Every structure is written in C-alpha cells, then in structure tokens.
Amino acid sequence: ETEMLEIDKEVKNAYRITDYDDKLKNAEKINVLQDRIENAVKTGDDFNMREKVFGFAPTDYIAVYKHIEELAPFYKLWNMVADFHNSKDEWLHGEFKDLDGSKIEEDVTEWWKSSYKLSKQLEDDFPGSARCAAKLREETTEFRKNMPVIQSLASKALKTRHWEALSELLGKEINPED
C-alpha cells in the first residue's frame, strides 16, 4: 500500500514534467517510474499467486494497471524526445559510413507522426506536455528537410567516382571513410 501511494504521487508528478530542455533527465525519471510500476505489477501477481495457494480471494491491484495506462503517453513522449535527440547527435557526429538512411527516415517519420498525435491527445488536460510534443514535432519537421540529402549520401550505391564528383563540386575533398 505504501508503494502504491508513492507511485500514485509520482505518476501525478509526471504529469507536470514540462521542461523540454531537461529531456534526458525527464526520460530517466519516467523510465524509473515505469520500472517501479512494472515491479509493483509483478509483486501483485506474486501476492495473488500466494493468496491462491492458501485459498484466499485474490487482492485487486487494478490501481497498478491504471497507473500504467495513465503514464503511457508521458512515457512515450519523453522516450521519443530523448531517442530523437540521442539519435540526432549520433547521426550528425557519429560514423558517417554506419548511417542507414531508410532506418533514419523510418524513425524520424514515426516520431513526427506520434508527436502530433500526442500533442492533440494531451492538449486539453496536459497543455505543458502537449507543448513538449509539439516542440518535438517542430524539431522532427525541421530534421526531415535533411532526409533527401541523408538518403542520398548514406546510400550504399555511392561509388568512389560519386564521392570524387561531390568533392569536385564542393571544392573540398570528401572521403566517406573519414
């Protein structure tokens, strides 16, 4: 019961997380809370199993499942925000030859669509979170403008002659291995 009261309080606090600049910290908080709720579900299932063994009526832990449902949009929001920014940093500063253009486009499109849906879903009851979802939508919209270039340059079909032609056009040597 004590754990459930604490989880209830933390879920209510999760509704008020709206500082987009603290995205990684927010995602971590939400993930820790999600783990706590999942552990509470396992504990409840374990208690129910023991109650069954002793012939007791199972205790109803419906509140735990309610918390999973309530937290779901916030869990999705902050994990999408963190995933987008972590991936973006990796794409922009990581190994160029490891880029997979179709996977990048798939991920960015999913975040773009989901952020719009979340923004609309949250706007009436949680306007601060809705603004965060809208900001993610703006950032993914901006990033999507780069997708044709990413798709082209991340293509495995590019040969040495293509890189040489690009280098000549840009007036600077471009080596995909660098």
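These are my notebook entries on the fold, the burial and one helix of a predicted model.

**Ground rules.** I number residues from 1 along each chain as its sequence is written, and I keep to heavy atoms for side-chain values, with hydrogens and water left out. Because this is a predicted model, local features need pLDDT of at least 70 and side-chain atom pairs count only at pLDDT 80 or more, while totals for chains, interfaces and linings use all residues.

**Overall fold.** I looked up the secondary structure and found seven helices and zero strands (DSSP runs, H or I of at least four residues for helices and E of at least two for strands, numbered from the N terminus). The radius of gyration, taken over C-alpha atoms, is 23 Å, well over the 16 Å that the globule rule (2.2 Å times the number of residues to the power 0.38) gives for 178 residues, so the protein is more spread out than a compact globule. Along the principal axes, I noted that the C-alpha atoms fill a box of roughly 80 × 40 × 20 Å.

**Burial.** I found that 34% of the 178 residues count as buried (under 20% relative accessible area, with a 1.4 Å probe and protein chains only).

**Helix α2.** I checked the length of α2, residues 23-53: at 1.5 Å a residue its 31 residues should span 45 Å (1.5 Å times one less than the number of residues), and its end C-alpha atoms are 45 Å apart, which agrees. Among its buried residues I listed Ile30, Leu33, Ile37 and Val41, and the cover over the buried residues of α2 includes α1 (2-14) and α3 (62-93). Just after α2, I noted that glycine 55 takes a positive phi of about 80°.

Notes:
Buried means under 20% relative accessible area, exposed over 50%, partly exposed in between (1.4 Å probe, protein chains only). Contact means heavy atoms within 4.5 Å.
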